[in-house]
Structures are given as C-alpha cells and as structure tokens.
Number of protein chains: 2
Amino acid sequence: MKLTSKGRYAVMALVDLARFDNINPVSLRDISLRQGISLDYLEQIFSKLKKNEIVKSIRGTQGGYVLNKNPNDIKLTNIFHAVDEKVKTVQCKKESKKGCNGKATKCITHNLWDELEIHINTFFENKSLKDLLNNNKDTRV
Amino acid sequence: MKLTSKGRYAVMALVDLARFDNINPVSLRDISLRQGISLDYLEQIFSKLKKNEIVKSIRGTQGGYVLNKNPNDIKLTNIFHAVDEKVKTVQCKKESKKGCNGKATKCITHNLWDELEIHINTFFENKSLKDLLNNNKDTRV
DNA sequence: TCTAAACTTGACCATTTTGGTCAGGTATGT
DNA sequence: ACATACCTGACCAAAATGGTCAAGTTTAGA
Ligand code: FES
Ligand code: FES
C-alpha cells in the first residue's frame with residue numbers, strides 16, 4: 001500500500017498555497033521552487049484541483065492560484081478525491097453483489113477489506129488543511 | 001493507495017488454511033481451487049510465509065501446509081511483512097534525517113504522512129487470523 | 001519399487017501504473 | 001507589446017504488478 005506522489009504533492013502544494021495566499025495569488029512557479037515539485041506536474045494537479053473547486057485561478061501576470069474554500073472545509077478526502085488518489089482495498093466493484101472476476105459470492109476476507117478501507121478513509125475525512133497549517137507552524141521551511 | 005493482490009491473497013489463503021488444517025495439512029491446490037487463486041502464484045506467496053515461520057510445509061503426497069503458530073498470534077502485520085506488502089506513505093528513507101531526493105530537510109507534510117502510516121499499521125497490528133476466523137463464521141464458502 | 005501428489009526454486013514476461021516531460025496554446029497586468 | 005502565468009493534451013520511460021512456465025525434489029501409498 002503506498003501513497004502516490006500525485007496525492008502527496010497535491011497536499012504539499014495546497015499547504016504551501018494556504019500559507020502564502022493571504023494577500024496575493026500564489027504562482028505554481030513559486031510552489032514548484034519552494035517544494036521542489038516539477039512545474040509541469042503541478043499544472044496537471046492544479047487543473048484537477050480547480051475542476052473540483054478547491055482552488056481558483058487568476059490568469060495573467062501576477063496571477064496564480066487561491067484557495068476557493070476555508071482551509072477548515074478542505075479535508076484530505078476532498079483533495080485526494082480531486083486528484084484521483086483513491087483508497088482501494090478490493091479488486092472488484094464495491095457496489096456489485098458479486099465477487100472478484102465475476103464470482104457468485106464475495107471473498108472470505110471481504111469484510112476485512114471493507115473495514116480497512118473505512119479505517120483509512122476516516123483518517124482522511126478528519127484531517128483538514130487547517131489542521132495541517134497549525135500542525136506545522138514550527139517546522140516552517 | 002491500493003492493497004496489492006499479493007497481500008490480499010496471502011490473507012485469504014491463510015484464513016482458508018486456518019479453517020481446514022485441524023486434521024491434515026492443506027495443499028495449495030485445494031486453496032487454489034477454493035479461493036480461485038493461481039496455484040503458481042500461491043507457491044510464491046507460501047514460500048515467503050514459510051521463510052517467515054508463519055506456516056510449515058510437509059512434502060510428498062498428502063502433504064501441504066500447516067500453520068506454524070496459534071491463529072491468535074498471527075497478526076496482519078506479520079503476514080504483510082512476510083510477503084513484502086508494506087505501507088509506504090513517504091518516498092524518502094524513513095530513518096534518514098534528510099528529505100526526499102537528498103534535500104536538507106523533510107517536507108512540510110512529513111508529520112502527516114508519518115501519522116497516516118501509523119494509523120494504518122495500527123489496524124494491521126490489532127487484527128489477528130483468529131479475529132478473521134470468528135468474524136466470518138457465518139459467511140463460510 | 002514405481003508413481004503421482006505436492007512442495008521448491010528461479011527465470012521470465014505482458015500489462016498497467018506512475019511520475020513525469022514537452023510543445024504548444026491563451027489570458028492579462030504593466 | 002511583452003513577460004508572466006495559467007491551460008491543454010499528447011507523449012513517454014521506468015517501475016510495479018500479477019502473474020506464467022519450466023524443471024526440479026520429496027515422500028506416501030499402491
Ligand atoms: S475482493 Fe473481490 S470479492 Fe472480495
Ligand atoms: S516524503 Fe520525503 S521529505 Fe517528506
């Protein structure tokens with residue numbers, strides 16, 4: 001089970017953004033330099049964050065991105081959902097009554113995987129961008 | 001974040017094994033048929049489980065595998081560790097003081113990822129094979 | 001003793017996912 | 001007009017995944 005870079009970068013970038021967006025929009029270039037994330041990759045990520053209304057964009061010189069919601073209302077769940085970083089503990093479709101590869105019944109450990117998925121998602125639902133800002137005040141880069 | 005088939009299969013197979021090993025060793029062929037897992041793949045998995053002393057093997061006709069410990073003492077942690085299904089939320093080495101790709105300092109979200117890793121591992125440490133047996137008594141296949 | 005069941009080992013491989021890059025474009029403040 | 005910065009989509013190399021295949025060795029039972 002590993003967290004992909006896309007998800008990790010998305011959160012890193014948003015924390016960075018949240019710290020600096022008090023006055024002016026923050027350019028991806030700045031985030032890229034501060035956090036050491038490829039600019040081109042950031043653009044892909046922010047395109048998705050924008051579609052999911054987590055950030056707003058301001059074009060042109062002095063443009064950049066701004067948060068579209070209160071940091072307290074942006075949960076990790078929302079961020080991960082936006083960039084398609086999903087928790088997946090089973091292989092079959094969740095909704096289906098059937099099991100993996102079209103079997104008639106779910107596997108013997110299916111309950112377990114459902115529990116696990118809920119356990120992880122709970123963590124994501126309970127963490128907001130605000131929490132992360134407070135949590136790292138002392139380790140500012 | 002997804003759970004790989006190797007980890008999922010390892011647990012499925014061990015639950016199956018735990019149910020049937022009361023009298024005789026259980027052959028991988030039987031597990032393969034009951035759980036719908038490729039025999040060749042199961043062999044790779046059990047090779048690792050054996051190295052980690054989770055199961056014992058009995059060769060020859062009527063041979064198979066047997067649990068090497070009390071189901072209560074086999075935690076998901078042990079199983080996943082055996083088959084190299086590890087939880088990895090960061091990209092850099094955990095022990096190192098340095099950050100990703102040789103940076104001087106850890107990233108701004110590093111605490112978060114550590115928390116997440118602990119959160120997930122806690123789940124694995126608290127679940128034993130015994131729990132799974134009880135939990136699924138009613139959904140026996 | 002012969003044979004079949006079942007473990008053992010290691011190489012191999014197609015497909016998918018990941019983690020990007022690159023090449024254009026468009027909007028806008030100065 | 002021009003530099004800055006967002007926007008879009010194609011493209012791609014490397015790694016991980018989820019296996020298969022081949023060639024053994026061991027041992028119970030006929
Ligand atoms: S994971 Fe698909 S049936 Fe349980
Ligand atoms: S994940 Fe590597 S520095 Fe935080």
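Q: Axes here are lines fitted to C-alpha atoms, and angles run from 0 to 180 degrees between N-to-C directions. This is a predicted model; at what angle do the axes of helix α2 and helix α3 of chain A cross?
A: Helix α2 (residues 28–35) of chain A and helix α3 (residues 39–51) of chain A have axes that cross at roughly 120° and come within 9 Å.

Q: Why is α2(A) called oblique to α3(A)?
A: Angles from 65 to 115 degrees count as roughly perpendicular and those over 145 as roughly antiparallel. Roughly 120° fits neither range, so α2(A) is oblique to α3(A). The crossing is right-handed.

Q: Which residues make the contact?
A: From α2(A) come A:Leu28, A:Arg29, A:Ile31 and A:Ser32, and from α3(A) come A:Leu39, A:Leu42, A:Glu43 and A:Phe46. By class, that's five nonpolar, one polar and two charged.

Q: What makes the approach of B:Tyr9 to DNA strand D a polar contact?
A: The cut-off is a pair of N or O atoms within 3.5 Å. An N or O atom in the B:Tyr9 side chain sits 2.9 Å from a phosphate oxygen of DNA strand D, so the pair qualifies. Backbone atoms pass too: A:Leu28 has a polar one 3.2 Å from a phosphate oxygen of the strand, and B:Ser5 has a backbone N or O at 3.0 Å.

Q: How many residues surround DNA strand D, and which are closest?
A: There are 26, the closest being A:Lys50, A:Ser57, A:Tyr65, B:Ser38 and B:Arg59. Sugar and phosphate supply 59% of the strand's atoms within 4 Å of the protein. The surrounding surface splits into six nonpolar, 14 polar and six charged residues.

How values were computed: Residues numbered from 1 in each chain as written. Chains lettered and ligands numbered in written order. Predicted model: local features only at pLDDT ≥ 70, side-chain atom pairs only at ≥ 80, totals over all residues. Heavy atoms only, no water. Helix = DSSP H or I, 4+ residues; strand = E, 2+ residues; numbered from the N terminus. Parallel < 35°, antiparallel > 145°, perpendicular 65-115°, else oblique. Left-handed = near helix turned anticlockwise from the far one by under 90°. Contact = heavy atoms within 4.5 Å. Nonpolar A, V, L, I, M, F, W, Y, C, P; charged D, E, K, R; others polar. Near = heavy atom within 4 Å. Polar contact = N/O pair within 3.5 Å; in protein donor to acceptor, adjacent residues only side chain to side chain.
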